[in-house]
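Got your viewer open? Let's walk through this structure one selection at a time.

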Amino acid sequence: EPTTNMTSRRASFVESTANGFHQLAPPISVKLIVLSLCWYWSSAVSNTLTKSILNAFPYPVTLTVLQFAFVVFWAVTISSLTRSKFPGVDRFVPQAHTGITRPTKQIVLTVAPMAVFQLSGHIFSHIATSRIPVTVVHTIKGLSPLFTVIAYRFLFGVHYSIYTYISLIPLTLGVMLACSFEFHGHLLGVLSALFAAIIFVSQNMFSKKLLTNSPTSDMEPKKKLDKINLLCYCSGLAFIFTSPLWFYYEGAGLLREYIATGTLPILAEDIEKAMPIRTLMILFFLNGTVHFGQNFLAFQILGLVSPVTYSIASLFKRVFVIIVAIIWFGQELTSLQNWGIGLTFVGLYMYDR
């Protein structure tokens, strides 16, 4: 009998271990894997192009406005192609078969707060990217789980397990080590990345609350915004809200410079980073297009999987972006920063589990 009990316990242990490993593995889907890889690459290319543009053209608000404009342009274009039954488009974008919904007061009031989050988050993110490496920006953004837990705990009284709080320890330490460079000239970049992370966490909380509410009488279920419409209106309003800021801080000076000299100030004093205007325009187009693809793919993946699986996919996306940025820019990190980035990855994975 003791031998039988021991065998039974051993079999139970093996089974529970196998179940544990099975739970750690994300669900395998060819469609999900392909979409995720495309999402990772579009995010990596978007971030590296953003850094390349801001190195040569340090005007983050200008880049923000152009990205919003490109999102609107591609949303309207794809929606029009889908509505006109252009061959093959409706298979990739089945949500946009009705075209862009006519604007109403209810739509504007619903999407406006998300647009404010978008413009402020993008501006701070671009300021950070223009001043510190992409790797450090995304490592700092890795603190999003910490801000999420703090917000839900103190604002909404949500209680988490002890394991959640433990996972925040390597996450926080990792970001601190990753930022262990000389802060002279970098403080604004670090603070901007922190503000961007906090803003995007607030946006996610607001969006989740907004999108899970039942439709109001002014917006019937059949008229509920699809993903293309949501992207279009959110970016369109963000473009409108950001335009006055752009003109005040950057636009007026750029226009005066162009009228006076017939060219744009592209860091003429830094020959290594300077680039022809034609090259810059091409990078703007590529960046705006890839930025739209990144946002659209994120919506597509979120519609296919649970929030937990999506958060795991987001974790690997951040790792992918950091690795690509290190290779793209040939960035040299100190051993302390390498340990910090590694700890951040461990903390993010523990948090997602």
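Start by selecting Thr 50, Lys 51 and Leu 54 in α2, then add His 126, Thr 129, Ser 130 and Arg 131 in α5: these two groups meet here, where contact means heavy atoms within 4.5 Å. By class, this contact of α2 with α5 has one nonpolar, four polar and two charged residues. For those classes, Ala, Val, Leu, Ile, Met, Phe, Trp, Tyr, Cys and Pro count as nonpolar, Asp, Glu, Lys and Arg as charged, and the others, Gly among them, as polar.

A word on what you are looking at: this is a predicted model, in which local features need pLDDT of at least 70 and side-chain atom pairs count only at pLDDT 80 or more, while totals for chains, interfaces and linings use all residues. Residues are numbered from 1 along each chain as its sequence is written, and side-chain values use heavy atoms, with hydrogens and water left out.

Now show both helices whole: α2 covers residues 30-56 and α5 covers residues 105-131. Helices here are DSSP runs (H or I, at least four residues), as are strands (E, at least two), numbered from the N terminus. Two packed helices are described by the angle between their axes and the distance between the axes. For α2 and α5 the angle is about 70 degrees and the axes are 9 Å apart. That makes α2 roughly perpendicular to α5. The axes are lines fitted to C-alpha atoms, for helices over the stretch in contact, and angles run from 0 to 180 degrees between N-to-C directions. As for the wording, angles under 35 degrees count as roughly parallel, over 145 as roughly antiparallel, 65 to 115 as roughly perpendicular and the rest as oblique. α2 passes α5 in a right-handed crossing; a crossing is right-handed if the near helix is turned clockwise from the far one by less than a right angle, and left-handed if anticlockwise.

**Zoom out**

How many helices does the protein chain have? You should find 13 helices and zero strands. Of its 353 residues, 44% count as buried, meaning under 20% relative accessible area (exposed is over 50%, partly exposed in between; 1.4 Å probe, protein chains only). Among contacts between residues at least 6 apart in sequence, 83% join residues at least 24 apart.

**Next stop: α7 and α8**

Select residues 144-155 for α7 and residues 162-178 for α8. Their axes are 10 Å apart, at an angle of about 140 degrees, and α7 and α8 are therefore oblique to each other. The crossing of α7 past α8 is left-handed. To see where they touch, pick Pro 145, Leu 146, Val 149 and Arg 153 in α7, plus Thr 164, Tyr 165, Leu 168, Leu 171 and Thr 172 in α8. That contact comprises six nonpolar, two polar and one charged.

**Stay on α8, add α13**

Bring in residues 335-352, which form α13. The axes of α8 and α13 come within 7 Å and cross at roughly 155 degrees, so the two are roughly antiparallel to each other. Here too, α8 passes α13 in a left-handed crossing. Residues to highlight include Leu 168, Leu 171 and Val 175 in α8, and Gly 340, Ile 341 and Gly 347 in α13. The whole contact has 14 nonpolar, seven polar and no charged residues.

While you are on α13, click three of its residues:

- Leu 336 is partly exposed, at a relative accessible area of 42%; its C-alpha atom is 6.1 Å from that of Leu 177, 159 residues apart along the chain.
- Gln 337 counts as buried at 8% relative accessibility; its C-alpha atom is separated by 8.8 Å from that of Met 176.
- Val 346 is partly exposed, with a relative accessible area of 42%; its C-alpha atom lies 8.2 Å from that of Ser 167, 179 residues apart along the chain.

**Last stop: Thr 62**

Jump to α3, residues 60-83, and find Thr 62. Is Thr 62 buried or exposed? At 8% relative accessibility, Thr 62 counts as buried. Leaving aside neighbours within four places in sequence, Thr 62 is in contact with Phe 57, Trp 246, Glu 250 and Leu 254.
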